[in-house]
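Here's a quick briefing to read with the model open beside you. Have a look at the fold, then work down the bullets.

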Amino acid sequence: VRVRTNQPQVELQNTDKQVSSAASYTDSSDDETSPRDKQQKNSKGNGDFCIKNIKQADFGRREIEIAEQEMPALMALRKRAQGEKPLAGAKVVGCTHITAQTAVLMETLSALGAQCRWAACNIYSTQNEVAAALAEGGFSVFAWKGESEDDFWWCIDRCVNVEGWQPNMILDDGGDLTHWIYKKYPNMFKKIKGIVEESVTGVHRLYQLSKAGKLCVPAMNVNDSVTKQKFDNLYCCRESILDGLKRTTDVMFGGKQVVVCGYGEVGKGCCAALKAMGSIVYVTEIDPICALQACMDGFRLVKLNEVIRQVDIVITCTGNKNVVVRENLDRMKNGCIVCNMGHSNTEIDVASLRTPELTWERVRSQVDHVIWPDGKRIVLLAEGRLLNLSCSTVPTFVLSITATTQALALIELYNAPEGRYKQDVYLLPKKMDEYVASLHLPTFDAHLTELTDEQAKYLGLNKNGPFKPNYYR
């Protein structure tokens, strides 16, 4: 594979007082010393953390303050916690993306009475300036952007293996923290009251443990709660699909022909956004119910090979593998943009493009031209990985909903009386899902209607909910 790179080397001038945001995202720091090799202390002399640069703390604090504006439910939980502290005595060890939104969650857990130690669940997603702000604020954070595989596990170990402190709650995203404790410190589970897991992958691992009879504490599956799925998948993707495509390609959507593969919640969000911008949208689907929904919503249902020669953009949203294969890629027109919005990077067969006759040319971060011998090129985004997380950001308000769900799950498991939860995986109770939604309504000056006694009796409901059965989606 021939690779041509023509990227100018840009030197960033950073001062202690004001740090360019680009420093965090491009990571072009002059100091290549590993954070593990540095002695670090915050302004109070505390050194129980390991991050890239504590001097970025002021910049990170401003990012956190912006995020707080869009996370009303967590701020409401803090206000309510001024009296009672539902997490008093909780020692939470966490492994998630370390971003401004996570920082708002961590500071909320602290306000609710918890002590926290935190590592990153992804080697690329940490915002260094936010990690610095958390360390300056007294949190034990072990994370930086661009960790090696060895760094990744070292950071998790530093969170867990500390003298005089033992976790009694786990908040995980992907299951790596839970896996590490099972592997290295299984005795810790004697003190742990519960696990809260946020991702598809992590939940799958928990169900496997449960099936094998190896899950020794209760676990809460936050991923499949209604508030997480509906909002994170549908509304989040409706906004971030346009953001990711614009940032990477500056494309104009009006009049463009787009094929969206899959019409689940993610596909529905992507199609709605593109249609609103004036694109001509085709949909591929295997499920007749989702296919009928696409038709009812005004989209043309096709097979991929029927439109592959004419479309300007191809977007995968299926969670499947080999949805777009080399044969499809060979038939695309010059300049076609190819990207993935599904969970994993298996939907576009990128490996089939790494052959000697094709030239890869890096255009900018996360954007490649793949050039055929006749000069035809396609624009491949994020090498087939998740477009919104790789190339743009996820709307903070959506993360507020997810983070509030995580906080309530921790409170529920931590305060549950002995015997309420067995050693199994549970969904968040519907009542809590409704509570999360209600905490976000004041943002819109929205006013809920209340049932009369007569209406409640007629429907067989409690006036305060839950209003839908657990199976309702």
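What follows is a tour by topic, from domains to single residues.

Keep in mind that this is a predicted model. The chain is assigned two domains, and its largest nonpolar core has 56 residues.

**Domains**
- Domain 1 covers 40–228 plus 395–431, while domain 2 covers 234–391.
- Their centres, taken over C-alpha atoms, sit 33 Å apart.
- Where they meet, four residues from domain 1 touch four residues from domain 2.

**Nonpolar cores**
- In the 56-residue core, the members that touch the most others are Val92, Leu109 and Val141.
- Plenty of elements chip in two or more residues here, including helices H2 (57–69), H3 (72–80) and H4 (100–111), as well as strands E3 (115–120) and E5 (169–172).
- Helix H15 (396–415) is also on that list, and with ten residues H15 supplies the largest share.
- Val92 reaches a good spread of partners beyond its sequence neighbours: Ala114, Gln115, Cys116, Arg117, Trp118, Trp165, Met169, Leu171 and Leu410.
- There's also a second, separate core of 31 residues, with Val266, Cys271, Ala273 and Cys317 among them.

**Where H2 meets H5**
- The axes of H2 and H5 come within 7 Å of each other and cross at roughly 100 degrees, so H2 runs roughly perpendicular to H5.
- On the H2 side, the contact uses Ala57, Phe59, Gly60, Arg61, Glu63 and Ile64.
- H5 answers with Glu129, Val130, Ala132, Ala133 and Glu136.
- Sorted by class, that contact has six nonpolar, one polar and four charged residues.

**Three buried residues to click on**
- Val93 is part of strand E2 (residues 91–96), and it counts as buried because its relative accessibility is 0%.
- Past its sequence neighbours, Val93 contacts Arg117, Cys159, Val160, Trp165, Pro167, Met169, Ile170, Leu171 and Leu177.
- For a sense of scale, Val93 and Leu451 are 358 residues apart in sequence and 41 Å apart in space, C-alpha to C-alpha.
- Ile181 belongs to helix H7 (residues 176–184) and is likewise buried, at 0% relative accessibility.
- Outside its local stretch of sequence, Ile181 touches Val160, Ile170, Pro186, Met188 and Phe189.
- Ile181 and Trp360 are 179 residues apart in sequence, with 41 Å between their C-alpha atoms.
- Thr405 sits in helix H15 and is buried too, with a relative accessible area of 0%.
- Setting sequence neighbours aside, Thr405 contacts Val222, Ser225, Thr227, Leu428 and Val436.

**Backbone oddities**
- As background, most residues other than glycine have a negative phi, and most peptide bonds are trans.
- Asp250 isn't a glycine, yet has a positive phi of about 55 degrees.
- You'll find Asp250 in the loop between helix H9 (226–249) and strand E8 (257–261), and its 55% relative accessible area makes it exposed.
- Gln366 isn't a glycine either, and has a positive phi of about 70 degrees.
- Gln366 lies in the loop between strands E13 (359–364) and E14 (367–371).
- Is Gln366 buried or exposed? With a relative accessible area of 19%, Gln366 is buried, given that the cut-off for buried is under 20%.
- The peptide bond from Gly465 to Pro466 is cis, with omega near 0 degrees.
- Pro466 falls in the segment after helix H17 (453–459).

Methods
Residues are numbered from 1 along each chain as its sequence is written. This is a predicted model: local features need pLDDT of at least 70, side-chain atom pairs count only at pLDDT 80 or more; totals for chains, interfaces and linings use all residues. Side-chain values use heavy atoms; hydrogens and water are left out. A nonpolar core is a set of buried Ala, Val, Leu, Ile, Met, Phe, Trp, Tyr and Cys residues joined through side-chain atoms within 4.5 Å. Buried means under 20% relative accessible area, exposed over 50%, partly exposed in between (1.4 Å probe, protein chains only). Helices (H or I, at least four residues) and strands (E, at least two) are DSSP runs, numbered from the N terminus. Contact means heavy atoms within 4.5 Å. Axes are lines fitted to C-alpha atoms, for helices over the stretch in contact, and angles run from 0 to 180 degrees between N-to-C directions. Angles under 35 degrees count as roughly parallel, over 145 as roughly antiparallel, 65 to 115 as roughly perpendicular and the rest as oblique. Ala, Val, Leu, Ile, Met, Phe, Trp, Tyr, Cys and Pro count as nonpolar, Asp, Glu, Lys and Arg as charged, and the others, Gly among them, as polar. Domain bounds come from an automatic or database domain assignment. Lists of a residue's contacts leave out its neighbours within four places in sequence.
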